[in-house]
Amino acid sequence: MISEPSRHCTVELQALPSRIGQVRRIISAQLRYWHLDPLIDQAALGVTELLTNVHRHAQPDKSCTVDIELLLDRLTVSVHDHDPRLPTVNEADSFATSGRGLALIAAVSESWGVRPIGSDGKAVWFTLPAATGASTLPPLAVYGSMTDGPFGAVTPGRKPGIARWTRSTRGTREARPLAPTDC
């Protein structure tokens, strides 16, 4: 199940290796939709490490929930599972092939932590700073619905025309109707 009220996305899953890649793609697509492309690699790495920990260590089951939330200028990614045991950061041997997950999260994130959820589990989370102004971007328009679309509203008695995309002084793209001399 995926829910998306404004700037929040939740994915419920079994933390199996085959599902981890799917969740990475979901998180990446959601961050692209929110115009947070620079955070995709860090968020995908962090969620992969957290889901791998659930897969390897969580008891009694591998069911978990991944939440991403954009609040002001901070992206928070958290993974909730049903194991009340809290994880610890390990000092991995230089030849070890595992044991660095939380250290990686600490290295790529702004902050991270663990919070118990009663006696029924925990949430491991990390935050990433969002680019200034990214959280204030409007959601992408869906043309063909009740929006005006890129060409503006069609007024009664006026035929819809062709438009030309232009760059405004603010660097955004705007559509303006073509004048007869433009054709």
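**Notes on the predicted model, starting from helix α2**

1. Helix α2, residues 40-57, is a good place to begin. With 18 residues at 1.5 Å a residue, helix α2 should span 26 Å, and its end C-alpha atoms lie 25 Å apart, which agrees. Please keep in mind throughout that this is a predicted model.

2. What surrounds this helix? The buried residues of α2 are Ile-40, Ala-43, Ala-44, Gly-46, Val-47, Thr-48, Glu-49, Leu-50, Leu-51 and Val-54. Their cover includes two helices, α1 (17-33) and α3 (101-108). Strands contribute as well, with β2 (8-14), β3 (63-71), β4 (74-81) and β6 (122-129) among what covers them.

3. For one view of the packing between α1 and α2, have a look at Ile-20. This residue is found in helix α1 and is buried, because its relative accessible area of 9% is under the 20% cut-off. Beyond its neighbours within four places in sequence, Ile-20 is in contact with Thr-48, Leu-51 and Thr-52. Of these partners, Thr-48 and Leu-51 are on the list of buried α2 residues. Thr-52 is 32 residues away from Ile-20 along the chain, yet their C-alpha atoms are separated by 7.8 Å.

4. Stepping back to the whole fold, the protein has three helices and eight strands. Their order from the N terminus is β-β-α-α-β-β-α-β-β-β-β. Of its 183 residues, 30% count as buried. Among contacts with a separation of 6 or more, 55% are between residues 24 or more positions apart. The exposed surface comes to about 11400 Å², with carbon and sulfur atoms supplying 57% of it.

5. Strand β6 deserves a closer look. It is mostly covered, with six of its eight residues buried. β4 and β6 run antiparallel and are joined by eight bridges; in this pairing Asp-81 stands opposite Lys-122. Strand β5 (residues 111-116) also runs antiparallel to β6, through six bridges, and here Arg-115 stands opposite Ala-123. The hairpin of β5 and β6 has five residues between the strands, and Gly-118 in this hairpin takes a positive phi near 55°.

6. How many salt bridges does a search of the whole structure find? It finds four. In one of them, Glu-110 pairs with Arg-74, with the closest N and O atoms 3.0 Å apart. Glu-110 lies in the loop between α3 and β5 and Arg-74 in strand β4, so this pair ties together parts that are 36 residues apart in sequence. Arg-74 also forms a salt bridge with Asp-73, where the closest N and O atoms are 3.6 Å apart. Salt bridges with shared partners thus join Asp-73, Arg-74 and Glu-110 into one network. Each member counts as partly exposed: Asp-73 at 40% relative accessibility, Arg-74 at 26% and Glu-110 at 43%.

7. Another salt bridge joins the side chains of Asp-83 and Arg-85, at 2.6 Å from N to O. Is Asp-83 buried or exposed? Asp-83 is buried, with a relative accessible area of 4%.

8. Finally, a word on the cysteines. Cys-9 counts as buried at 1% relative accessibility, and Cys-64 is buried too, with a relative accessible area of 4%. The count of disulfides comes to zero.

Notes. Residues numbered from 1 in each chain as written. Predicted model: local features only at pLDDT ≥ 70, side-chain atom pairs only at ≥ 80, totals over all residues. Heavy atoms only, no water. Helix = DSSP H or I, 4+ residues; strand = E, 2+ residues; numbered from the N terminus. Buried < 20%, exposed > 50% of the residue type's maximum accessible area, 1.4 Å probe, protein only. Contact = heavy atoms within 4.5 Å. Areas by Shrake-Rupley, 256 points an atom, 1.4 Å probe, with all protein chains shown as cover. Expected span 1.5 Å × (residues − 1). Disulfide = S-S within 2.5 Å. Pairing = 2+ DSSP bridges.
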